[in-house]
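Morning, everyone. Please bring up the sequence and the model, and keep both in view while I talk.

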Amino acid sequence: MALGGTAYAAQINGNSIMKQSIGGGKLKQKTLTGFQINTNKLGVVPTATRATNTLWAVVNNPAGPGNASLARASDSTISVTEAGGAVNVIFPGNVSVCANVAARNNAGTTVPTPGYVQTNVSPANPNAIEVHSRDKNGANEDGDFHLIVVC
């Protein structure tokens, strides 16, 4: 039984919506793209903290104590010393708060010897990264490596 009145369904398309007539809270999540957003009206967007300094070293470390040498580096003041089963790569400033990563590699184009290296900030010098090279089974073994430090 109908109480009376007339019902009708309206269809809305994009052309019938007036600009700025729908609030942002009524929009479906994740439907706007860069095409719909005027980036000039966003204002200042804060930037992330970015690295300001990237340092690297390529180290030759043949078998035998105390014979590690620098093949090349990003800075002429970078040096290396070898003692106690580790190579210390010494940088021109404090690297104790920087990120560092190293990998077994060599200064040339030949395939590097299998293995890996481990790094840590030198406990004796905040300007140095201590690098321990290992064979593929994890035993101590002198080996060439590349090191990168990002501050």
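I'll take the two sheets in turn, then the surface patch.

One caveat before we start: this is a predicted model.

First sheet. Four strands form an open sheet in the order S2-S1-S8-S5, and the pairing is antiparallel. Which strands stand at the edges? They are S2 and S5, the latter covering 99–104. Each has a single partner strand, so one side of each is left without a neighbour in the sheet. On average, neighbouring strands of this sheet are turned by 20° against each other, direction ignored.

Now walk across that sheet, starting at the S2 edge. S2 spans residues 69–73 and pairs with S1 over 4 bridges, in the antiparallel sense. To find the register, look at Asn60: its bridge partner in S2 is Ser69. Next step, S1 to S8. S8 is residues 145–150, and its antiparallel pairing with S1 takes 6 bridges. Use Ala57 as the marker here; it stands opposite Leu147 in S8. Last step, S8 to S5. These two also pair in the antiparallel sense, over 6 bridges. The marker is Arg104, whose bridge partner in S8 is Phe145.

A general reminder on what holds such strands together. Strands of a sheet pair through backbone hydrogen bonds, either parallel or antiparallel.

Second sheet. This one is open as well, with 4 strands in the order S3-S4-S7-S6 and antiparallel pairing. The edge strands are S3, at 79–83, and S6, at 116–121; each pairs on one side only. From one strand to the next, the twist averages 25°.

Let me stay with S7, residues 128–134. How many bridges join S6 to S7? There are 6, and the two strands run antiparallel. S6 and S7 form a hairpin, with 6 residues between them. Two pairs give you the register. Val121 has Ile129 as its bridge partner in S7. Thr119 stands opposite Val131 in S7. On to S4, residues 86–90: 4 bridges join S4 to S7, again antiparallel. There, Asn88 stands opposite Glu130 of S7.

So is S7 mostly covered or mostly open? It is mostly covered: 7 of its 7 residues are buried. Colour the side chains by direction and you get two sets. Ala128, Glu130, His132 and Arg134 point one way from S7. Ile129, Val131 and Ser133 point the other way. Both sets are buried. Note that Glu130, His132 and Arg134 are in the buried list, if you plan to look at those side chains.

Now leave the sheets and go to the surface. Which residues make the nonpolar patch? They are Ile12, Ile17, Ile22, Leu27, Leu32, Ile37 and Leu42. Together they make a nonpolar surface patch of about 640 Å². Take Leu27 as one of them. Leu27 lies in the segment before S1, and S1 itself is 54–60. Why does Leu27 count as partly exposed? Because its relative accessibility is 38%, and the partly exposed class lies between 20% and 50%.

To recap. We have one open sheet ordered S2-S1-S8-S5 and another ordered S3-S4-S7-S6. S7 is buried at 7 of its 7 residues. And the nonpolar patch comes to about 640 Å². That's my part; over to you.

How values were computed: Residues are numbered from 1 along each chain as its sequence is written. This is a predicted model: local features need pLDDT of at least 70, side-chain atom pairs count only at pLDDT 80 or more; totals for chains, interfaces and linings use all residues. Side-chain values use heavy atoms; hydrogens and water are left out. Two strands pair if DSSP finds at least two bridges between them. Axes are lines fitted to C-alpha atoms, for helices over the stretch in contact, and angles run from 0 to 180 degrees between N-to-C directions. Patches are made of residues with over 30% relative accessible area and no salt bridge: like charges are joined within 9 Å, nonpolar side chains (Val, Leu, Ile, Met, Phe, Trp, Tyr) within 5 Å. Accessible areas come from the Shrake-Rupley method with a 1.4 Å probe; for residues, only the protein chains shown count as cover. A salt bridge is a side-chain nitrogen of Lys or Arg within 4 Å of a carboxyl oxygen of Asp or Glu. Buried means under 20% relative accessible area, exposed over 50%, partly exposed in between (1.4 Å probe, protein chains only).
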